[in-house]
Amino acid sequence: MIKKIISYLVVLLVLLEYTSATASAFYKSNKVEPPRILSKYEKRRSAIFAVCKDEYITDVIANSKYPYTLTAIAKVESDFRPNIRGDHGKSYGLYQIQERHWGYVPRTIEGQTRVAERIVGSLVDEHGYSRAIERYNGSGKDAKRYRHKVLLVINQLEKIERSI
């Protein structure tokens with residue numbers, strides 16, 4: 001019985017060695033890189049870039065505490081335009097932050113992202129995640145539609161990440 005198990009193990013080791021050598025020879029002869037497994041960060045960054053299309057903004061958002069939420073808010077609020085003004089000049093930047101409610105809004109992408117990250121964090125702490133997205137936009141019937149738009153983008157990002 002033990003001899004039989006040992007012989008199976010020897011055969012298995014030979015097959016593994018042959019398979020490994022064959023795969024290595026294939027990649028070398030065809031001058032192809034073997035597939036690389038992406039980290040969670042790389043997948044997340046790739047998903048954000050697929051929606052954002054701007055390397056710099058993607059890097060800043062991918063390193064934030066709420067990367068998909070901030071990506072979705074930036075998409076819905078400004079379509080990733082960092083210098084845009086909205087609400088008759090009351091809102092500014094990627095995340096359309098109103099200075100009268102949240103204080104000075106930096107003119108840099110990093111600064112705007114940090115302020116939006118702080119806003120989302122405080123809203124999540126106060127209202128819970130789903131309601132925080134509504135409250136980011138305000139209140140009333142438009143806030144529910146806004147939450148729906150943001151959640152659609154988040155779902156799109158998650159779907160892209162899973163496909164990578």
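Three exercises with worked solutions follow.

The model is predicted: local features need pLDDT of at least 70, side-chain atom pairs count only at pLDDT 80 or more, and totals for chains, interfaces and linings use all residues. Residues are numbered from 1 along each chain as its sequence is written, and side-chain values use heavy atoms, with hydrogens and water left out.

**Exercise 1.** Describe the largest pocket and its lining.

Step 1. On a 1 Å grid over the protein atoms alone, a pocket is an open set of points where a 1.4 Å probe fits, with protein on both sides within 12 Å along at least five of seven lines; lining residues have an atom within 4 Å of a point.

Step 2. The space in the largest pocket is about 450 Å³, a volume being the space filled by probe spheres set on the points. Its lining has 20 residues, and Glu77, Asp87, Tyr136, Asn137 and Gly138 are the closest to the centre.

Step 3. The largest share of the lining, 4 residues, is supplied by α8. Helices (H or I, at least four residues) and strands (E, at least two) are DSSP runs, numbered from the N terminus.

**Exercise 2.** Determine the strand order of the open sheet.

Step 1. Two strands pair if DSSP finds at least two bridges between them. β1 and β2 (residues 91–92) pair in the antiparallel sense over 2 bridges; Ser91 in β2 is the bridge partner of Gly86.

Step 2. The 3 strands of the open sheet have the order β1-β2-β3. β1 (85–86) and β3 are the edge strands, each pairing on one side only.

**Exercise 3.** Count the salt bridges and examine the one between Glu55 and Arg45.

Step 1. A salt bridge is a side-chain nitrogen of Lys or Arg within 4 Å of a carboxyl oxygen of Asp or Glu. The count comes to 10.

Step 2. In the salt bridge of Glu55 with Arg45, the closest N and O atoms are 2.3 Å apart. Glu55 lies in helix α3 (residues 55–62) and Arg45 in helix α2 (residues 40–52), so the pair ties together parts that are 10 residues apart in sequence.
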